[in-house]
Amino acid sequence: LTFDEGATHYYLYNPVAKMFFASGNDWNTRASIAAFGYEIWFQASTEADAPEGSYEFWDDCQHPDRILGYKNMFTDDGGSTWVDHAEQPNYSWSVTKVSDNTYRIQNVALVADIPDYDGKYIGWKGDYADSRLYMLAEGEGAIDWKAVTYDSYQAFIATDAYTAYKTACECYSIALSLKANLEEAESL
């Protein structure tokens with residue numbers, strides 16, 4: 001990753017989930033995994049009392065059901081992360097390189113306010129029925145992310161392989177909803 005005041009944009013890919021960082025779920029603004037990705041970048045944090053060397057984690061919020069434009073990320077006191085920061089606190093992040101092109105992203109403002117979040121990073125719990133991202137410790141879920149360049153992502157989504165991938169993800173999501181509905185109907 002390059003931290004150049006937002007000039008270099010990426011997409012984050014979670015190799016365990018085989019999905020991208022985006023939003024969805026609650027109000028379509030909860031940080032989530034999805035078959036599509038959000039263009040993201042990092043800028044030096046402007047949050048009052050931001051830990052030294054922390055960043056704001058920005059995204060271009062282009063969810064198919066809700067387009068909000070350029071926003072930055074924040075995490076509420078309950079550990080839920082949102083892609084549409086307005087006036088909320090906890091929007092300063094650190095990025096730790098784990099291996100070649102693999103990173104962990106932690107909300108350091110949240111850790112400063114609530115020390116129980118120390119050692120927790122934004123990640124996926126591992127259940128496709130819940131695509132939300134949470135603040136997780138190592139071993140609690142998929143917390144490692146790969147940075148995909150803007151050009152690589154654009155080239156990928158123009159391929160037939162991406163079309164097949166996206167269709168498979170949509171079918172699986174529909175199957176999960178159908179399963180939940182069948183289980184509810186059975187219980188009734």
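When I say that two residues touch, or are in contact, I mean that they have heavy atoms within 4.5 Å. With that settled, hello everyone, and let me walk you through this chain, which is a predicted model.

I'll start with Tyr38, since that contact definition matters most there. Tyr38 sits in the loop between β3 (30-34) and β4 (40-44). Leaving aside residues up to four places away in sequence, Tyr38 touches Tyr10, Tyr11, Phe21, Ala22, Ser23, Asp59, Asp60, Cys61, Gln62, His63 and Val83. Is Tyr38 buried or exposed? Its relative accessibility is 0%, so Tyr38 counts as buried. There is also a distance to look at on the screen: His9 is 29 residues from Tyr38 in sequence, and their C-alpha atoms are 9.8 Å apart in space.

Now compare that with another pair. Thr149 and Lys120 are also 29 residues apart along the chain, and here the C-alpha atoms are separated by 25 Å. Thr149 belongs to strand β13 (residues 145-149). With a relative accessible area of 38%, Thr149 is partly exposed. Which residues does Thr149 touch, if we again skip those up to four places away in sequence? They are His9, Tyr10 and Tyr11. You have met those names already: Tyr10 and Tyr11 are among the contacts of Tyr38, and His9 was the partner in the Tyr38 distance.

Next, Thr102, which is found in strand β10 (residues 102-107). Thr102 has a relative accessible area of 6%, and because the cut-off for buried is under 20%, Thr102 is buried. Its contacts, with the same sequence neighbours left out, are Thr96, Lys97, Asp144, Trp145 and Lys146. Trp145 and Lys146 fall within β13, residues 145-149, the strand that holds Thr149.

Let me turn to the backbone. Most residues other than glycine have a negative phi. Two residues here are worth a look on that score. Lys18 is not a glycine, yet has a positive phi of about 60°; you will find Lys18 in the loop between β1 (10-14) and β2 (19-24). Asn90 also has a positive phi, near 65°, and lies in the loop between β8 (81-82) and β9 (93-99). Asn90 counts as buried, because its relative accessibility is 1%.

Let's zoom out to the whole chain. There are three helices and 13 strands. The C-alpha trace spans about 50 × 40 × 30 Å along its principal axes. How does the radius of gyration fit a compact globule? For 188 residues such a globule would have a value near 16 Å, and this chain has 17 Å, which agrees. Of those 188 residues, 46% count as buried. Among contacts with a separation of 6 or more, 49% join residues 24 or more positions apart.

On the surface, the chain exposes about 9600 Å², with carbon and sulfur atoms supplying 51% of it. As for charge, there are 12 positive and 30 negative side chains, and the centres of the two sets lie 6 Å apart.

Finally, how far does the predictor trust this model? The mean pLDDT is 93, and 100% of the residues reach 70 or more. Among the elements, strand β6 (residues 66-72) has the lowest mean, 89, while strand β11 (residues 120-124) has the highest, 98. Lys120, from our Thr149 distance, is in that β11 range. Thanks for listening!

Terms used:
Residues numbered from 1 in each chain as written. Predicted model: local features only at pLDDT ≥ 70, side-chain atom pairs only at ≥ 80, totals over all residues. Heavy atoms only, no water. Helix = DSSP H or I, 4+ residues; strand = E, 2+ residues; numbered from the N terminus. Rg over C-alpha atoms; globule rule 2.2 N^0.38 Å. Buried < 20%, exposed > 50% of the residue type's maximum accessible area, 1.4 Å probe, protein only. Areas by Shrake-Rupley, 256 points an atom, 1.4 Å probe, with all protein chains shown as cover. Lys, Arg positive; Asp, Glu negative; His and termini not counted. Charge placed at Lys NZ, Arg CZ, Asp CG, Glu CD. pLDDT = per-residue confidence, 0-100.
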